[in-house]
Every structure is written in C-alpha cells, then in structure tokens.
Amino acid sequence: MRELINLLPLLACPVGMGAMMWFMMRSGRKTTGAAPSQDTRQQELAALRKQVDDLKQQMGDDAQAPDQAHTR
C-alpha cells in the first residue's frame with residue numbers, strides 16, 4: 001500500500017496529460033462550422049485586394065515605393 005502511495009505522484013502527470021488530451025479532442029468535435037468553399041475564398045481575396053489597391057491610391061505614390069521614401 002505504501003508503494004502505491006509513492007507511485008501516485010509519478011502517475012499523476014501522465015494520467016493528467018491523457019485526460020487533458022481527451023477533453024481537448026472531445027471539445028474539438030463539437031464545432032460544426034463548415035470550411036469556406038474555394039469560391040468564397042476567391043471572393044474574399046478579391047475584395048481584400050481591392051481594399052489594398054484603394055488604400056494605396058489614397059496614400060499616393062509613397063505607398064507604392066516605401067524604400068525610396070526612406071532613402072530621401
């Protein structure tokens with residue numbers, strides 16, 4: 001019985017780690033969100049590129065050539 005008590009601290013770490021992994025895997029299954037389709041990603045990418053282009057136009061030529069702006 002005393003040997004079992006001495007082994008409990010050694011077993012606490014691997015048993016606790018296994019329990020945490022099990023809970024994490026279990027919580028990961030609860031998400032039901034579907035991955036976005038390729039078309040949706042392409043539309044989002046096109047919208048983001050348009051936003052970047054618009055911001056570059058608003059900032060002027062300095063945004064298109066940042067290296068030249070720092071060397072002046």
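Me: Which residues make the nonpolar surface patch of about 470 Å²?

Reply: In this predicted model, where local features need pLDDT of at least 70, side-chain atom pairs count only at pLDDT 80 or more, and totals for chains, interfaces and linings use all residues, the patch is made by Met1, Leu4, Ile5 and Leu8. Residues are numbered from 1 along each chain as its sequence is written, and side-chain values use heavy atoms, with hydrogens and water left out. A patch takes residues with over 30% relative accessible area and no salt bridge, joining nonpolar side chains (Val, Leu, Ile, Met, Phe, Trp, Tyr) within 5 Å and like charges within 9 Å; the areas come from the Shrake-Rupley method with a 1.4 Å probe, and for residues only the protein chains shown count as cover.

Me: Why is Ile5 called exposed?

Reply: Exposed means over 50% relative accessible area, buried means under 20%, and partly exposed lies in between (1.4 Å probe, protein chains only); Ile5 has 52% relative accessibility, so it counts as exposed. Ile5 has its place in helix 1 (residues 2-28), a helix being a DSSP run of H or I of at least four residues, a strand a run of E of at least two, both numbered from the N terminus. The chain has 4 helices and 0 strands, and of its 72 residues 0% count as buried.

Me: What makes Trp22 and Phe23 an aromatic pair, and of which kind?

Reply: Rings of Phe, Tyr and Trp (its six-membered ring) pair if their centres lie within 6.5 Å, with planes under 30 degrees apart counted as stacked, over 60 as edge-to-face and the rest as tilted. By this rule the count is 1 aromatic pair. Trp22 and Phe23 lie 5.0 Å centre to centre with 65° between the planes, and the pair is edge-to-face.

Me: Why does the span of helix 2 (residues 38-59) agree with what is expected?

Reply: The expected span is 1.5 Å times one less than the number of residues; for the 22 residues of helix 2 that should be 32 Å, and the end C-alpha atoms are 32 Å apart, so the two agree.

Me: How do you know that Lys50 and Asp54 meet in a salt bridge?

Reply: A salt bridge needs a side-chain nitrogen of Lys or Arg within 4 Å of a carboxyl oxygen of Asp or Glu, and for Lys50 and Asp54 the N to O distance is 3.2 Å. Because they are 4 residues apart in helix 2, Lys50 and Asp54 are separated by about one helical turn. Lys50 is exposed at 51%, whereas Asp54 is partly exposed at 31%.
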